[in-house]
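The exercises below ask you to work through the sheets and the ligand site of one model, step by step. Keep the sequence and the coordinates at hand while reading the solutions.

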Amino acid sequence: MTYDTIKAELHGNVGLITLNRPDSLNALSSKLISELAEELKLMDTNKEIGAMVLTGSDKAFAAGADIREMQDKMWPETFNEDFITDGWEQVADCRKPIIAAVAGFALGGGCEIAMMCDFILAAESAKFGQPEIKIGVWPGAGGSQRLTRLVGKSKSMEMCLTGRMMGAEEAERVGLVSRVVPDADLIEDAINTAKQIASMSRPATLMIKDIINRSYETTLSEGIRYERRMFQASFGTPDQREGMAAFVEKRKPEFS
Ligand code: CO8
């Protein structure tokens, strides 16, 4: 499929989506969000694909929602069309693991989309922020909630109230990103990490994503109970049989 605002490629069993609006630092227009949602749905249901990578350019993952496009909107319109809903949650709704590979700016909606991914790999040049306050608004695609859960109240309040950007080193220190890599290695590292995930048992990867995400939605005791029930249910799956037999027989597992 070809698009105007994103590029989609396959790298073996990994789907790579590149945000592609270079003239506006990948500002998230409604067209971009709808193309991204469409491609993510295709990749999420494509049996050949085991994991996805979402990236931008060297300069920007995405510098936020498209300010030019939304500047004239008024409240009745935003409410009636449920602005920032259709398509926006598709990244978080994917069942397969999705990695954000971030270089340059990840601001506002860009930071929010990166946080909807399962984890973030950051290039040394990455800069994260929720600068909405500087244009007279506040986060609207989950930033106030996801950033706070990821980095804690103090850091989240400071970032959202001042709009300051956080560099890659600080982002790794506070747990916003899983690892920092040199800019030149970002895409290769992200694809290799996704390939590693895609080579594992598919039900196991989907289940791990599901049970970790459950921890954000429930109490500790309910989450642990859910994890245990799901763990018990893994016994009898072909991949459990194969994975454990391969370990005992000292060979590489071949997951179905
Ligand atoms: N929207 C539209 N255009 C943008 C955006 C944006 N968010 N960011 C950059 N651009 C454009 C610039 O207007 C400029 O275009 P042109 O060359 O035609 O003048 C081009 O990209 C390059 O930008 P700069 O010249 O400003 O580049 P600099 O390197 O000087 O600065 C910055 C880079 C610091 C990233 C700067 O561009 C900036 O501050 N951008 C805005 C960041 C921002 O405020 N983001 C938050 C937006 S609000 C938001 O995301 C709310 C999320 C809620 C969901 C929204 C859903 C739609």
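**Exercise 1.** Determine the strand order of the open sheet of four strands, and explain why one side of each edge strand is left without a neighbour.

*Solution.* In this predicted model, the four strands are arranged in the order β4-β6-β8-β9, and their pairing is mixed. Reading that order from its ends, one finds β4 (60–62) and β9 (166–167) at the edges; each has a single partner strand, and therefore one side of each lacks a neighbour in the sheet. The next step is to look at how β4 meets β6 (residues 105–107), and here two bridges join the strands in the parallel sense. Within this pair, A60 has F105 of β6 as its bridge partner. Finally, a helix has to be placed against the sheet: α5 (residues 109–116) packs on it, touching β4, β6 and β8 (127–129), and the direction of α5 makes about 90° with that of β6.

**Exercise 2.** Describe the open sheet of six strands, giving its order, its edges and its twist.

*Solution.* The order is β1-β2-β3-β5-β7-β10, again with mixed pairing. At the edges stand β1 (6–11) and β10 (179–181), each of which pairs on one side only. From one strand to the next, the twist averages 20°. For a detail inside the sheet, take β2 (residues 14–19) and β3 (residues 51–55), which run parallel and are joined by five bridges; in β3, V53 is the bridge partner of L16.

**Exercise 3.** Characterise the surroundings of the ligand: which residues come nearest, which polar backbone atoms lie close to its nitrogen and oxygen atoms, and how much of its accessible area does the protein cover?

*Solution.* Begin with the 24 residues around the ligand, of which A63, A65, I84, W88 and G109 come nearest. Sorted by class, the shell comprises 14 nonpolar, five polar and five charged residues. Sorted by element, α2 (67–70), β6 and α5 each supply at least two residues of the shell, and the largest share, three residues, comes from α2.

Next, consider the polar contacts, for which the cut-off is 3.5 Å between N or O atoms. A polar backbone atom of A63 is 2.9 Å from a nitrogen atom of the ligand, and a backbone N or O atom of I67 lies 3.0 Å from a ligand nitrogen atom. For G109, the distance from a polar backbone atom to an oxygen atom of the ligand is 2.8 Å. As a last step, turn to coverage: on its own the ligand has 1,100 Å² of accessible area, and the protein covers 67% of this.

Note on methods: Residues numbered from 1 in each chain as written. Predicted model: local features only at pLDDT ≥ 70, side-chain atom pairs only at ≥ 80, totals over all residues. Heavy atoms only, no water. Pairing = 2+ DSSP bridges. Contact = heavy atoms within 4.5 Å. Axes fitted to C-alpha atoms, helices over the stretch in contact; angles between N-to-C directions. Near = heavy atom within 4 Å. Polar contact = N/O pair within 3.5 Å; in protein donor to acceptor, adjacent residues only side chain to side chain. Areas by Shrake-Rupley, 256 points an atom, 1.4 Å probe, with all protein chains shown as cover. Nonpolar A, V, L, I, M, F, W, Y, C, P; charged D, E, K, R; others polar.
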